[in-house]
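Subject: A structure for you to look at

Hello,

Here is the structure I promised to pass on to you. Have a look at it first, and then read on for what turned up in it.

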Amino acid sequence: MTGVKLTERIRYMHCEDVEGNHGVLVLLAAYGYPTKVLEVNDKADFRFAYSTFVSIEERQAEINRPARELTTA
């Protein structure tokens, strides 16, 4: 099993066994939101899970950004 840090909060764990290659994509907990995990069996699964987690990561960061950073001058 090998792991890769893709972003500050997204990790990918790759596994190889007799049934073939597969993995899990993990979005680590932050801002009071729980950890999320999706199983990855092929490239389509990976692309879907990664784009979903990046979107969630960005939305959670935006929601939890202090108000002074959200205002424009």
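A hairpin joins β2 to β3, and the link between these strands is made of 2 residues. Please keep in mind that this is a predicted model. The two strands, β2 and β3 (residues 20-27), run antiparallel and are joined by 8 bridges. One place to see the pairing is Ile 10, which stands opposite Leu 27 in β3.

β2 also has a partner in β1. Here 4 bridges join the strands, again in an antiparallel arrangement. The connection from β1 to β2 is a hairpin too, through 4 residues. To find this pairing on your screen, look for Gly 3, which has Met 13 of β2 opposite.

Now for some single residues. Start with Arg 9, in the loop between β1 (2-5) and β2 (10-17). Which side chain of opposite charge is nearest to Arg 9? That is Glu 57, at 4.8 Å. Why does this pair not count as a salt bridge? A salt bridge needs a side-chain nitrogen of Lys or Arg within 4 Å of a carboxyl oxygen of Asp or Glu, so Arg 9, with Glu 57 at 4.8 Å, has none. Arg 9 is buried all the same. Leaving out residues up to four places away in sequence, Arg 9 touches Val 26, Leu 27, Leu 28, Ala 29, Ala 30, Tyr 31, Glu 57 and Gln 60.

Tyr 31, one of those contacts, deserves a look of its own. This residue lies in the loop between β3 and β4 (36-40). Tyr 31 is not a glycine, yet has a positive phi of about 55°. Is Tyr 31 buried, partly exposed or exposed? Its relative accessibility is 47%, so Tyr 31 counts as partly exposed.

Finally, go to His 22 in strand β3. With 24% relative accessibility, His 22 is also classed as partly exposed, because the buried class is for values under 20%. Setting aside neighbours within four places in sequence, His 22 is in contact with Tyr 12, Met 13, His 14, Cys 15, Asp 17, Val 40 and Asn 41. You can also follow the chain from His 22 to Asp 45: they are 23 residues apart in sequence, and their C-alpha atoms are 10.0 Å apart in space.

Enjoy exploring, and write back with any questions!

Best wishes

Definitions and conventions:
Residues are numbered from 1 along each chain as its sequence is written. This is a predicted model: local features need pLDDT of at least 70, side-chain atom pairs count only at pLDDT 80 or more; totals for chains, interfaces and linings use all residues. Side-chain values use heavy atoms; hydrogens and water are left out. Buried means under 20% relative accessible area, exposed over 50%, partly exposed in between (1.4 Å probe, protein chains only). Lys and Arg count as positive and Asp and Glu as negative; His and the chain ends are not counted. Contact means heavy atoms within 4.5 Å. Two strands pair if DSSP finds at least two bridges between them.
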